[in-house]
Amino acid sequence: MTSESLNYIVDVLYIAAFALFIYGLSGLTGPKTAVRGNWIAAVGMGIAVLATLIKVSETATTLDWILIGAGLGIGVALGIPPALKTKMTAMPQLVALFNGVGGGTVALIAWSEFIETKGFSEFKPDQSPTVALVVGSLFAAVIGSVSFWGSLVAFAKLQESIPKNVEKRLVASAKLFQASNIVLLLAAVGAAVYIGLHPGLPVWWIVAVLVFAGVMGLFVVFPIGGADMPVVISLLNAMTGLSAAAAGLALNNTAMIVAGMIVGASGSILTNLMAVAMNRSIPAIVFGSFGGGDTAAAGGSAEQGTVKATSASDAAIQMAYANQVIVVPGYGLAVAQAQHTVKEMADLLESKGVEVKYAIHPVAGRMPGHMNVLLAEADVEYDAMKEMDDINGEFNRTDVTIVIGANDVTNPAARNDPSSPIHGMPILNVDESRSVIVLKRSMSSGYAGIENPLFFQPQTSMLFGDAKKSVSAVIEELKAL
């Protein structure tokens, strides 16, 4: 087969892959089509890999094929087991880790291109134009390195591998990190520009770029608090996509360019949506994060009032005789793996004529869409999951709202207390309900590290304990009514 025929086949396969990427992405707009969308996009990626292998087959040596096979084998061995075994509660950490690996890979590609071209001074006939290769590689080196190291910190924070006292100190040192980041950014960009203007420099120059950018990635995410973490994950994802597109430009690989731009564009849109949902600009999140600080930031419990405890029996009676019950899920529901039990409780209530809805805050949990995925796993109807803007008007005519493990997204201080770190962040108006039942293990603060006045309001009662066990106890009481 001629070289022209192979190029034609590769182009056709790439076009098919891109179409599947876009069609698969459109399926991620809802839980009902998300699984199918993932499979369609995965098939598209498989076709893109096949096309790339066909493209390199003309010049690949036996050693090249051995290395390619080894790389594929290692990737499959390291990627599939955690994807299969990771619990839904740990999915944000896995997403952060996989995203970081993508950014790290792009940074290594840039490093490899620098070495292969002897500091961007010698090019093969089939390589892309000098400007595209140099600029693409250097951009990929900086952004990919930031994404890799920043994602590792995000993973450690989500995994709670960083001690709380250490994390508080990191958040408190935000201004120091910000000043350091300006210096590191100037150093990384300056070194990259110098490399581009002076071909043939020693390899330690590109290493310096990777180190400056990597340290900046660490310093950017270190002081960012837990309440901002969903936005950070989305932002790092967008950065990985853009760095992959830049690497594709350097390698003259259409598949990397298109796939990277899709990831970068979708990640950027999602980042903006998350920031709007928190009523915070992206620079404010990166340079003025909150969370993980002193829990006294919004006032101590002594100032708020007295907490009123309740029992599973009282909670069951309240909900059984309500016209409408709204369930507000949070990370505590994910930790307890209570989604199936909550669905069983909702089915019981609906059999008694009670209307049950689910109020989903855009940044509930540890990543965008976390609660939607959990509830969809329990076969909760998509129409029953209401977004914040759609459900907020219903709380004032709701008999009972049951909050399961959510904290910061229901905190009325965001609306009422100008001194609160989360003031201005849109929240679920749970405090407007006639009655509120909060399921929590203890009175500890949420991920943002601030007190929630909702817990002390007269219409609120606390049902302490593991969420799954508490809901199971409520179910037994409902069956007895």
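**Figure 1. Surroundings of T341 in helix α15 of the predicted model.** T341 touches K468, V471, S472 and I475, with residues up to four places away in sequence not counted. T341 belongs to helix α15, which spans residues 339-351. The relative accessibility of T341 is 8%, so T341 counts as buried, the cut-off for that class being under 20%.

**Figure 2. Backbone of Q337 in the loop before α15.** Q337 is found between α14 (331-336) and α15 (339-351). The phi of Q337 is positive, at about 55°, although Q337 is not a glycine. Most residues other than glycine have a negative phi. With a relative accessible area of 27%, Q337 is partly exposed, because that class lies between the limits of 20% for buried and 50% for exposed.

**Figure 3. Backbone of F120 in the loop between α4 and α5.** The loop that holds F120 runs between α4 (91-116) and α5 (130-158). F120 is not a glycine, yet has a positive phi of about 60°. F120 is buried, its relative accessibility being 3%. F120 is also among the residues in contact with F114, a residue of helix α4.

**Figure 4. Contacts of F114 in helix α4.** F114 lies in helix α4 and counts as buried at 2% relative accessibility. Leaving aside neighbours within four places in sequence, F114 is in contact with G119, F120, I195, L201, P202, V203 and I206. For scale, the C-alpha atoms of F114 and M425 are 45 Å apart in space, with the two positions 311 residues apart in sequence numbering.

**Figure 5. Packing of α4 against helix α8.** The axes of α4 and helix α8 (residues 204-221) come within 10 Å and cross at roughly 165°. This angle is over 145 degrees, and α4 and α8 are therefore roughly antiparallel to each other. Their crossing is right-handed. On the α4 side the contact is made by A107, W111 and F114, and on the α8 side by I206, V207 and L210. By class, the contact of α4 with α8 has six nonpolar residues, no polar residues and no charged residues.

**Figure 6. Packing of helix α1 against helix α10.** Two packed helices are described by the angle between their axes and the distance between the axes. For α1 (residues 3-26) and α10 (residues 254-277) the angle is about 15° and the axes are 10 Å apart. That angle makes α1 roughly parallel to α10, the limit for this class being under 35 degrees. The crossing in which α1 passes α10 is right-handed. From α1 the contact takes in Y14, F18, F21, I22 and L25, which meet T254, A255, V258, A259, I262 and S266 of α10. Nine nonpolar, two polar and no charged residues make up the contact of α1 with α10.

**Figure 7. Packing of α9 against α10.** Helix α9 comprises residues 229-251. The axes of α9 and α10 cross at roughly 160° and come within 7 Å. The two helices are therefore roughly antiparallel to each other. The crossing of α9 past α10 is left-handed. In the contact of α9 with α10, 16 residues are nonpolar, nine are polar and none is charged.

**Figure 8. S234 of α9 and the backbone oxygen of G267.** S234 is placed in helix α9. A polar atom of the S234 side chain lies 3.2 Å from the backbone oxygen of G267. Apart from neighbours within four places in sequence, S234 is in contact with G267, L270 and T271. S234 is buried, with 3% relative accessibility.

**Figure 9. Contacts of A238 in helix α9.** A238 is placed in helix α9. Neighbours within four places in sequence aside, A238 is in contact with V263, G264, G267 and S268. One of these, G267, is also in contact with S234. The relative accessible area of A238 is 4%, so A238 is buried. A238 and G200 are 38 residues apart along the chain, and their C-alpha atoms are separated by 32 Å.

Conventions
Residues are numbered from 1 along each chain as its sequence is written. This is a predicted model: local features need pLDDT of at least 70, side-chain atom pairs count only at pLDDT 80 or more; totals for chains, interfaces and linings use all residues. Side-chain values use heavy atoms; hydrogens and water are left out. Helices (H or I, at least four residues) and strands (E, at least two) are DSSP runs, numbered from the N terminus. Buried means under 20% relative accessible area, exposed over 50%, partly exposed in between (1.4 Å probe, protein chains only). Axes are lines fitted to C-alpha atoms, for helices over the stretch in contact, and angles run from 0 to 180 degrees between N-to-C directions. Angles under 35 degrees count as roughly parallel, over 145 as roughly antiparallel, 65 to 115 as roughly perpendicular and the rest as oblique. A crossing is left-handed if the near helix is turned anticlockwise from the far one by less than a right angle, and right-handed if clockwise. Contact means heavy atoms within 4.5 Å. Ala, Val, Leu, Ile, Met, Phe, Trp, Tyr, Cys and Pro count as nonpolar, Asp, Glu, Lys and Arg as charged, and the others, Gly among them, as polar. A polar contact is a pair of N or O atoms within 3.5 Å; within protein, one must be able to donate a hydrogen and the other to accept it, and residues adjacent in sequence count only if both atoms are side-chain atoms.
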